[in-house]
Amino acid sequence: MQKLLAIDSHTAGEPTRVVLSGFPDLGRGSLADRCALFRERFDHWRSAVACEPRGSDTVVGALLQEPVDPRCCTGVIFFNNVGYLGMCGHGTIGLIRTLAHLGRIGPGEHLIETPVGVVGVVLHDDGRVSIDNVESYRARAGVAVDVPGHGSVVGDVAWGGNWFFITGQSPVPLDLAHEPELTAYTLAVQRAIDAAGIRGGDSGVIDHVEVSGRAPDGSGARNFVMCPGGAYDRSPCGTGTSAKLACLAADRALAEGEVWVQQGILGSAFECSYRKGTRGVLPRITGQAWITASTEILIDADDPFAWGIGAKRP
């Protein structure tokens, strides 16, 4: 029987599972190298943690790692039901809330090492968490893609720690009642992007689709974000919001230091702003997470679904 210890939380409705111990040793290379080793040799562990029957399409895993940079309080590799994430905004907020719950950090400024760089965070006295995300930028503006059933859809390609296609076109209002239509629409856009060979900078794969607009009640901005694996983000999506800030800054629609309140499809919100960067913007995303469970994950070698439904046995 294999055993892993984990803490579950949710950030604005989106779940995070922080794996504390029990995982195979990934060595002491860079976080990017360790993520590559995770993918190549231990991918069945990812599916065991994130996929059914223990996980779900919405769970983002966060594997704690010893950081290379001595300034950092921890390193982390983010993953989900289908693969790996360079950075995860809601997951970082959940991670910091978890470390505070465990008594490993207190209020103040901290650094987290990820496969795509070092991320600064602030744990506030009231429990909220601010993330100083990796530099975000718009790579392409006004990209048109032909989406079957929807015609030409125009959007921006932007980086916020993951690659996003961000469009203001939506066939329905951005509310939870229209989630099935929004899911079908964003998946259709994703398939069209893939078929057209549209990529981000350095030929990066665009694996998130973000529909951006106003909240139906006019109370502010709202988005619907489709994540890799076909599950929509219950939170406003930290990396997606970072990418959106980069687009707003490029369009001169949001000034440096000006506050932007970004709702997700549930109506929960992140408070955001940016500083100018070298290539784009340096986003700050503030949100809150809640602890939901302390879990001992058991992997029984005799279980036919030990490594996740649909996963190959090692």
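How many of the 13 residues of helix H5 are buried? Keep that in mind while I set the scene. What we have on screen is a predicted model. Now the count: 12 of the 13 residues in H5 are buried, so to speak of H5 as mostly covered is fair.

Let's stay with H5. The helix runs over residues 238–250. From its first C-alpha to its last, H5 reaches 18 Å. That is close to the 18 Å expected at 1.5 Å a residue. Which residues are buried in H5? Among them are Gly238, Thr239, Gly240 and Thr241. Lys244 is buried too, and Cys247 as well. After H5 comes Arg252. Its phi is positive, near 60 degrees.

Next, the strands. Start with E7, residues 117–123, and E8, residues 129–132. E7 and E8 pair in the antiparallel sense, over four bridges. Look at Gly120: its bridge partner in E8 is Asp132. Five residues lie between the two strands of this hairpin. Here Gly127 takes a positive phi, near 95 degrees.

E8 has another pairing, with E16, residues 281–287. In which sense do E8 and E16 pair, parallel or antiparallel? Antiparallel, over four bridges. Find Asp132 again. Opposite Asp132, in E16, stands Arg284. So Asp132 has Gly120 as a bridge partner, and Asp132 also faces Arg284 across the E16 pairing.

Now a parallel case. Strand E11, residues 163–167, pairs with E12 in the parallel sense. Four bridges join E11 and E12. Phe164 stands opposite His208 in E12. E12 covers residues 208–214. Five of the seven residues in E12 are buried, and the strand is mostly covered.

One general point on strands. In a regular strand, side chains alternate between the two faces of the sheet.

Last stop: two helices. H1 is residues 31–41, and H2 is residues 43–50. At what angle do H1 and H2 pack? About 85 degrees, with their axes 5 Å apart. That angle makes H1 roughly perpendicular to H2, because angles from 65 to 115 degrees count that way. Who makes the contact? From H1, Phe38, Arg39 and Arg41. From H2, Asp43, His44 and Arg46. Sort the contact by class: one residue is nonpolar, one is polar and four are charged.

To recap: H5 is mostly covered, E8 pairs with E7 and with E16, and H1 packs on H2 at about 85 degrees. Thanks, everyone.

Terms used:
Residues are numbered from 1 along each chain as its sequence is written. This is a predicted model: local features need pLDDT of at least 70, side-chain atom pairs count only at pLDDT 80 or more; totals for chains, interfaces and linings use all residues. Side-chain values use heavy atoms; hydrogens and water are left out. The expected span of a helix is 1.5 Å times one less than its number of residues. Buried means under 20% relative accessible area, exposed over 50%, partly exposed in between (1.4 Å probe, protein chains only). Axes are lines fitted to C-alpha atoms, for helices over the stretch in contact, and angles run from 0 to 180 degrees between N-to-C directions. Angles under 35 degrees count as roughly parallel, over 145 as roughly antiparallel, 65 to 115 as roughly perpendicular and the rest as oblique. Contact means heavy atoms within 4.5 Å. Ala, Val, Leu, Ile, Met, Phe, Trp, Tyr, Cys and Pro count as nonpolar, Asp, Glu, Lys and Arg as charged, and the others, Gly among them, as polar.
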